[in-house]
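Welcome! Please have a look at the sequence and the structure shown here before reading on.

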Amino acid sequence: AVPDRSSHVTATPSAVQASTGVATDGTQLFMGPLPYVLANLPIVDVGIPGQVEWDPRDPPQPLTQVVAARAGPSGRAGLRILYAVLSARAIDRWAPVVLVRDDRDGSVDYVSPGVTLDSIGTVFGEPSAPLTARAIDPTGTVVMFIQPHAVVVVDVTSGLTRTAPLPADVDRAGGPIVDGGFTDAGRIIVRTANTAWSVDSSTLAWAPVAKGAGPEDTRVDTTGGSSRILAADAEGAPHFVTTVHFPMALGWGESVATPEWIATGGVVDEAAVPERFRVPNALFLVSRSDPTVRRALVLGANAAGGISGGIRAIGVAGQIVLFQYSVEGRTWVLGVDPTTGLVSRVAEVWSPVSGVGSPNQVIALSPWAISHRSMS
């Protein structure tokens, strides 16, 4: 649980800072555990392995070989994606690596689609990775990777890797792709700087959608100068819900939602929080029923290698918000109960898997695996 430092026995208790505080806008602040505490928390099962056991210095199996070896009488392999990460190959270049499980015997394999990916721009002075937290479809069988002018779609049950380039007129009108992912209904939505597009994962056909549309049905949006909650209608068009106040200088990554809370990563606005909470990262949470109830879990205080952009919301497991926390040399998937403040360790990814030490480190968890945790 988030430690209450004020309760520790000490010769000068008045000098021990409490683990909670309040931002100037009223957001309740919680100081999360330091890395050495996180490293010793027990791992909680949410449907994915708690440790990355594949050594990134060894090449993973080609996906087509795994499919050929495991294909059943129907010709389609019973493979499901557990998560996707990136393996650095050169500066600004990565090879995607996907952990898949065979539904029939429970075996797992790290496999490679056999493509090399480029960065999709820069953020915080670092290359932005071509993987988003919503890169895996709800069935756990398709994963997509973003390139500046294309979407790479991988179907693990067939072994096919296909590239859908931006139509020429789209490319000229909207510029390069900046982010995107799967919606909860299985649609691919990608955004350029000024436009949004839906991509059919079967036909790879492009179709325009409402400006500002994104893969999240509900999200915290910071593009309008102040934070607000946006929800999408049946056609994916966002509509204004309500303004929400956060001590956030910059939002980062996708939003996820439990029945009670909406969560997103962000960079702390140092001018809006007490001095002890002036650290690079926080997970921001707002109540869905009452937007005046807001909390922020702050991590990285006095931790070596705390990284701006190192926290991303990446999924939910029941009432638990799953998020990624990166410091120099390691990345964790953690879970937090927004009501109690209980922090759990879910998985640890060994640093060479991707560009740990910069905000391009992204882990995409399979929604299917999280919702079928008992089968892991």
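The report below goes from the whole chain to a hairpin and then to an open sheet.

## Overall picture

A friendly reminder to begin with: this is a predicted model. The protein has 376 residues, of which 53% count as buried. Its secondary structure comprises four helices and 28 strands.

If you consider contacts between residues at least 6 apart in sequence, 56% of them join residues at least 24 apart. The surface that the protein exposes comes to about 15400 Å², and carbon and sulfur atoms supply 52% of that area.

## The S11-S12 hairpin

Strands S11 (residues 150-155) and S12 (residues 160-165) run antiparallel and are joined by six bridges. At one of these positions, Ala150 of S11 stands opposite Pro165 in S12.

Together the two strands make a hairpin, with four residues between them. If you check backbone torsions, stop at Gly159 in the turn: its phi is positive, about 80°.

## The S17-S18-S19 sheet

As background, strands of a sheet pair through backbone hydrogen bonds, either parallel or antiparallel. Here, three strands form an open sheet in the order S17-S18-S19, and the pairing is antiparallel. S17 (218-221) and S19 (238-243) are the edge strands, each pairing on one side only. On average, neighbouring strands of this sheet are turned by 30° against each other, with direction ignored.

How many bridges join S17 to S18? There are four, linking S17 to residues 228-232 of S18 in an antiparallel arrangement. To find one such pair in the viewer, look for Val220, whose bridge partner in S18 is Ile229.

Definitions and conventions:
Residues are numbered from 1 along each chain as its sequence is written. This is a predicted model: local features need pLDDT of at least 70, side-chain atom pairs count only at pLDDT 80 or more; totals for chains, interfaces and linings use all residues. Side-chain values use heavy atoms; hydrogens and water are left out. Buried means under 20% relative accessible area, exposed over 50%, partly exposed in between (1.4 Å probe, protein chains only). Contact means heavy atoms within 4.5 Å. Accessible areas come from the Shrake-Rupley method with a 1.4 Å probe; for residues, only the protein chains shown count as cover. Two strands pair if DSSP finds at least two bridges between them. Axes are lines fitted to C-alpha atoms, for helices over the stretch in contact, and angles run from 0 to 180 degrees between N-to-C directions.
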